[in-house]
Structure formats: C-alpha cells, structure tokens
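Here are my notes after a look through this one. I've kept to the ligand site, a loop and a run of paired strands, so have the viewer open as you read.

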Amino acid sequence: LTKDTLENIKQTDGELEAFVRLHEDAALEAARVADEEGNFDNILAGIPMAMKDNISTEGLETTGASKILSGFEPVYDATATKKLKAAGAVIVGKANMDEFAMGGSTETSAYKKTKNAWDLSRVPGGSSGGSAAAVAAGQVPYALGSDTGGSIRQPAAFNGLAGMKPTYGRVSRFGLFAMASSLDQIGPLTRTVKDNALVLNAISGFDERDSTSANLLVPDFTEKMGQSIKGMKVAVPKEYFEEGISDEVKLQVNAAIAELKAMGAEVSEVSLPHTQYGVAAYYVLMSSEASSNLQRYDGIRYGFRAPDAKSLEEVYKKTRSEGFGPEVKRRIMLGTFSLSAGAYDAFFRKAAQIRTLIIEDFNKVFEDYDLIVAPTTPTQAYKIGSEIDDPKAMYMGDVLTIPVNLAGLPAMSVNAGFNAGLPIGLQIIGKAFDEQTIYQLAYAFE
Ligand code: GLN
C-alpha cells in the first residue's frame, strides 16, 4: 500500500503540488514495521497519511513552508505525530501550506503553489491546502492540518472534504509550530466523516507538555454515529448569511438545512450579533501572538541563517529579512504595533474585549441549542492569483470560521454539495468538548 501510494503521488504531484517533500525511506520503514508488528486491530496501522509541514516529525525536515526553516530537522515528534506513530500510521510526506499557516490559499508557501483537487486553476484553500488537496485527490486517505482561524475547515470546504477543528485543548499543541497559541488546534482532514472521527480518536487526549491541554477523558468520537438526529435542536445564525456570502453558497447551505429538517432536526434562526467584529479582533490577537512566537527564528537556533552577516544584529536582521515572506512580515509588524505601549489599549485590549463578546454570543445560543449550522466560507474556491495581492479581501474570507477559534469551540466542515463542479462546505459548530454530537449530525447528513 505504501509503495503504491508513493508511486501514485510521484505521478500526480507534479501537477497538484500538494507535498512540500516526500519522506520515502521513513515511510517504507514505518510500513515494514507495521507489517512486522501485524497490529491490525489498530485501525490506522499501515495506513499512509500526509502531515502538515508545521507539525514536528523527528529527524524529518519540517519547515512550516517557510524559507527560514529550510533544512530544519526537528529533534522530537509532536504529540500528535507520536500518537499516530504509536498507532502504526505511515507518514509519507509533508503537506504544503501557507507560510507558518498565515493565509487562506496556500499561496504564501515559500516553496510551491498547490492546486485545488477539483479544478487545477483554483486555490486549494489554506492554510492546510496541501493536506486538503492530497486527500481530495486520493493521494492519501487522511491528513493532519492545523486551524487557527479556519485553516482546516476552509480547505476542507474548498475540496469537498470533512475537516474538524477540535475544541481548544482537545489535541495537544506540543510540537505544532506556534502561530497564535490561544487559537491553534490540530485536526484531521478526510473524505468521510467516519474516517475523521477515527483519526481524531487517535490524536486526542491530555498531554502534560501542553499547558492548555484539557485533562478530560476522550470519548469514542464514532459512538453517536448512526443515531437519529430527530428532535436535535439546531441553530442557524442569521449573520452568517449576510453581505459577502455568495448566492451559490447560500443556496447549497439552505438546501442542506432543509435536508436536516427533513431528517427531523428542529431548526431555528438565531443571532450571533458580534460576528462582524470577529475578523478585526482576530487579526489583532493572532498577529500579536504570532509576533511574539516568531521571535525564536533568529538565525541562531533553527534552519536558515543569512550567509553574509557580519555582526549579531546583522544575523538577526538579514536572516529574518531574507527568511520570512511578505505575509509573515506584515503580521509581525501588525502584532508588534498592537502590543506596543501606545497602541495596546486601542488595539490588543479592544480585540480581547470583542473576543469575550463573541464567546458570550455562543454561550447564549448553546443554552437552548445542541448545534449551530452555517456556511464554512463566503465563496467557493477562487482562481489562483486572484486574491493574493489584496490581504484585506483574503482576511474577509475567514469571517465565518474565525469566531469559532476565538471561542475555542469545536467545528467541522462537511461537503454540502457542488455548484458548477466546485464543492461547498456546511459548517457544524458544537459545544466545547462535544465533538460527538457534531459527528452524529455530520454522519447523518453525509
Ligand atoms: N486564513 C487565516 C489566517 O490567515 C487562518 C489561518 C489558520 O487558521 N492557520 O490567519
């Protein structure tokens, strides 16, 4: 299986460019060990997968799709990697992504431009665009991604996949290259809902190496699959259908909601009134956290160092000037500014206050409802090159996914159907640590 998978990737990836690099020898070795151990009660044993390039794999180059980490070989596995390896998983390679997960189209990668699996002239979404394209094109049955403001759900929507952003704290962030530590989560991208739950089963759980990891028992995420959704209370937020949402998306998501009603779900319209402030608050908070997290790339400890620097200061300056791409630099500057003494009250503090209002919006709805359903993205996948020069337009693409990260909630995108040959995502948002109910509805809908 691993040999065939590698062969197939070599034939298809010249065009798709989902992988930043393959780890052939390590994959074949992992497959050999899985065979030898023969532990096939473990559902992931011997199954190939793609790892997003910001999740540490011991001894295997991992770069966050940034030039500044070129050549960097982590000395330890991320906890999610470790858990997958323990389950017998075969990591075949690193999936392309936006540089340090900053972007929504995988175009900010320092290495490659991944294509959408359904239309090679379009973006795969991002930042986990390589993970999504690889799974949608059938190169691997599953991939891990990370989601700080939508980076699992949006590419899942653009490629017709199931993509889960678990509750903050459900999956350890140890070994995930930190972008915005209060928002980041690792999660699975798969073709089916059941596969998704099985992968989440394998990577979840308390980890003392991540201080924000939740010390809770992990339920079996497949447990409620197959149970009826009759009588389930489902909320539809009206703000998720307002300006900027395309007619195609509205049409398909409304059809999905009609289907849920036909299955017996009790669907009502609700309001999440602070939705419109989410993007602004997110880009202040995320940039602030990222500006601090990215200080570690100083040319001394990891990866790339500018070759011709003549003093310590020059090492920092030149390495960071040459090593980071324009989107990363933009956010470091934005974040450093928001945290500066003169700007803190007007920017960082305000954004933190908005975050609280958004959390309260969700809490209120979840007093009366089991789930929230909405579109995942305002539009379908767009043409490569059409938005990359307009950061504000790109940022607005996250308007429907960001609030979930600000509130730390679990949410999944599943395929709601196609329009003109391109998939459209239905987003299912749950209560904290209630991924099971999300999977129940997703499975019934699929
Ligand atoms: N597109 C969003 C951003 O650029 C989300 C990225 C993410 O979730 N990693 O910040």
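The points below start at the ligand and then move out to the loop and the strands.

1. First, a caveat: this is a predicted model, so please read every distance and angle below as computed from predicted coordinates.

2. Where does the ligand sit? The space taken by the ligand is the largest cavity. If you're setting up a box for docking, that's the place I'm talking about in the next few points.

3. Which residues come nearest to the ligand? There are 15 residues around it, and the nearest are Thr-148, Gly-149, Ser-151, Tyr-282 and Arg-331. Sorted by class, this shell holds 7 polar, 5 nonpolar and 3 charged residues.

4. Now the polar contacts. Gly-149 uses its backbone: an N or O atom there lies 2.6 Å from an oxygen atom of the ligand. With Ser-151 it's the side chain, where a polar atom lies 2.6 Å from a ligand oxygen. Ser-127 also brings in a polar side-chain atom, 3.4 Å from a nitrogen atom of the ligand. As for burial, the ligand on its own has 290 Å² of accessible area, and the protein covers 99% of that.

5. Stay with Ser-127 for a moment. A cis peptide bond joins Gly-126 to Ser-127, with omega at about 10°. So you have a cis bond at a residue whose side chain has a polar atom 3.4 Å from a ligand nitrogen. Worth a look on screen.

6. Which loop is that? Ser-127 is found between β3 (90–95) and α4 (129–136). Phe-100 lies in the loop between β3 and α4 too, and its backbone also caught my eye: phi is positive, about 50°, although Phe-100 is not a glycine.

7. On to the strands. β10 (residues 411–419) runs antiparallel to β5 (residues 162–165), and 3 bridges join them. To find the pairing on screen, look for Met-164, which stands opposite Met-412 in β10.

8. β10 also pairs with β11 (residues 422–430): these two run antiparallel and are joined by 8 bridges. Here the pair to look for is Phe-418, which stands opposite Pro-423 in β11.

9. How many residues lie between the strands in the hairpin of β10 and β11? There are 2, and Ala-420 in this hairpin takes a positive phi near 50°. If you keep a list of backbone angles to check, I'd put Ala-420 and Phe-100 on it, along with the cis bond between Gly-126 and Ser-127.

Notes
Residues numbered from 1 in each chain as written. Predicted model: local features only at pLDDT ≥ 70, side-chain atom pairs only at ≥ 80, totals over all residues. Heavy atoms only, no water. Pairing = 2+ DSSP bridges. Helix = DSSP H or I, 4+ residues; strand = E, 2+ residues; numbered from the N terminus. Near = heavy atom within 4 Å. Polar contact = N/O pair within 3.5 Å; in protein donor to acceptor, adjacent residues only side chain to side chain. Areas by Shrake-Rupley, 256 points an atom, 1.4 Å probe, with all protein chains shown as cover. 1 Å grid on protein atoms, 1.4 Å probe; cavity = no way out; pocket = protein on both sides within 12 Å on 5 of 7 lines; lining within 4 Å. Sits in = over half its atoms within 2 Å of the grid points. Nonpolar A, V, L, I, M, F, W, Y, C, P; charged D, E, K, R; others polar.
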